[in-house]
Amino acid sequence: MDRVEVSAPGKLVLFGEYAVLFGAPAAVAAVDRRAVVTLRPFDGNGWEFAAPGLVAQRVRLEVEPDNTVRWHDEKLGRDAFGLIDSLLRGIGESGSIDLVNLPPLEATLDTRAFFESVRGWDSKLGLGSSAALTVAFASALEVWAGGQQTTEEGDRLQRMVDLHREVQGGSGSGIDVAASLLGGVIRYRLSGDGSVAEAGPLDVPQDLHMVFVWTGRAASTVDFLGRLQTRRGERPQEVNPVLDDLGVVSSDGVAALGGGNSCGFLDAVDAFWQALHQLGTGIGMPILSEEHQALRRIAADCGVRYKPSGAGGGDFGIGFATDPDAMAEFRRSAEASGFRLPGLQRDRTGLSRSQS
């Protein structure tokens, strides 16, 4: 095998943030920014990694007989390739791939599509790059290993979700992983034990228009989820009722979205904003940041509904409307106010593999 190339798209959560962690349905869209992993034979011992645009040096590692990894430059390997380090350790511990006996490889990990240049600096867009890279890299290794992979799609998704959760310290719903693996727009739901209960295609009404807006400020999903877990443990009587309300709104909104009820969905967007406001107040985190509040005011002036996408606090927001003229006005007003519209489109493909 001379070359393996695997790519996976990023994501934007359309509806159901936070509520999805507690069993409510959510909707997510894959978007056309891709993590690309290329594997080639390596003429030497061990493996060599490169991350163009992010890390100047190439880094080498050896796979030990117990399936663990040892970086030649331990600090650089752990710091610059921390995600890969965690993934390899998780794969090695699970035994899903025999890392020791894999042919030596040279890996190129390209996630430059997940960055935007702002005033000469590259800023990371909150589009689920770690999930996309997890799906692409683990899938590339499976091909490199000669097709060691689960044939059942549900089992494969669960395995990818488990791998990515290990990287995130056990947190996360896995909705971003589902988008990267499957593509399109997905209805997603967890079971009571945290495993994936549902991940299937969802048809968005044709008259519902969306605009994806970047606030210009990154936010840490892990930090927000950690704060939620802490406050929920400290003050369950305050936080749990808000999560219950969020779950009801999420169920109604996803049902309206999948049922072709655009007007019902737009009303649910407003209700979800209010529920997020209550949740942010309850956990003491700025889910509805100043940027999101400004964008909602702009949207309201244009006849557009607006909500943050993902954990909030920054990153992306989404404007929804059935009136294309209102949406065009929102685009112009958001850009005139200094916000960026990166021109994201929904990605229908999901995971893509090629080899030669």
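The paragraphs below lead from the whole chain to one helix, the sheet beside it, and two residues in loops.

The model is a predicted one, and its secondary structure comes to ten helices and 14 strands. The radius of gyration of the chain is 21 Å, close to the 21 Å that the globule rule gives for 356 residues, so the chain is as compact as a globular protein of that length. Along the principal axes, the C-alpha atoms fill a box of roughly 60 × 45 × 35 Å. Of the 356 residues, 53% count as buried, and among the contacts with a separation of 6 or more, 72% are made by residues 24 or more positions apart.

Helix α9, which covers residues 290-302, is a useful place to look in detail. At 1.5 Å a residue, its 13 residues should span 18 Å, and the end C-alpha atoms lie 19 Å apart, which agrees with that expectation. The buried residues of α9 are Glu291, His292, Ala294, Leu295, Ile298, Ala299 and Cys302. Seen down the helix axis, these buried residues fall within an arc of 160 degrees, so they line one face of α9. The spacing has a general background: an α-helix has 3.6 residues a turn, so residues three or four places apart point the same way. On the other side of α9, Glu290, Arg297, Ala300 and Asp301 are exposed. After the helix comes glycine 303, whose phi is positive, near 80 degrees.

What, then, covers the buried residues of α9? The cover includes three strands, β11 (209-214), β12 (305-308) and β13 (316-321), together with the helices α8 (262-283) and α10 (324-336). The strands β11, β13 and β12 form, in that order, an open sheet of three strands with antiparallel pairing. Its edge strands are β11 and β12, each of which pairs on one side only, and neighbouring strands of the sheet are turned against each other by 25 degrees on average, with direction ignored.

Within this sheet, β12 and β13 pair in the antiparallel sense over four bridges, and proline 308 has glycine 317 in β13 as its bridge partner. Helix α8 packs on the sheet and touches β12 and β13, its direction making about 45 degrees with that of β12. Helix α9, by contrast, lies across β11, β12 and β13 and runs at about 165 degrees to β12.

The loop between β12 and β13 holds aspartate 315, and here the backbone deserves attention. In general, most residues other than glycine have a negative phi. Aspartate 315, however, has a phi near 55 degrees, a positive value in a residue other than glycine. Is aspartate 315 buried or exposed? With a relative accessible area of 10%, aspartate 315 is buried, because buried means under 20% relative accessible area.

A second residue of this kind is tyrosine 18, which is not a glycine and yet has a positive phi of about 65 degrees. Tyrosine 18 lies in the loop between β1 (4-15) and β2 (26-41), and at 4% relative accessibility it counts as buried. Tyrosine 18 and aspartate 315 are thus both loop residues, and each is counted as buried.

Notes: Residues are numbered from 1 along each chain as its sequence is written. This is a predicted model: local features need pLDDT of at least 70, side-chain atom pairs count only at pLDDT 80 or more; totals for chains, interfaces and linings use all residues. Side-chain values use heavy atoms; hydrogens and water are left out. Helices (H or I, at least four residues) and strands (E, at least two) are DSSP runs, numbered from the N terminus. The expected span of a helix is 1.5 Å times one less than its number of residues. Buried means under 20% relative accessible area, exposed over 50%, partly exposed in between (1.4 Å probe, protein chains only). The arc is that of the directions from the helix axis to the C-beta atoms. Contact means heavy atoms within 4.5 Å. Two strands pair if DSSP finds at least two bridges between them. Axes are lines fitted to C-alpha atoms, for helices over the stretch in contact, and angles run from 0 to 180 degrees between N-to-C directions. The radius of gyration is taken over C-alpha atoms; the globule rule is 2.2 Å times the number of residues to the power 0.38.
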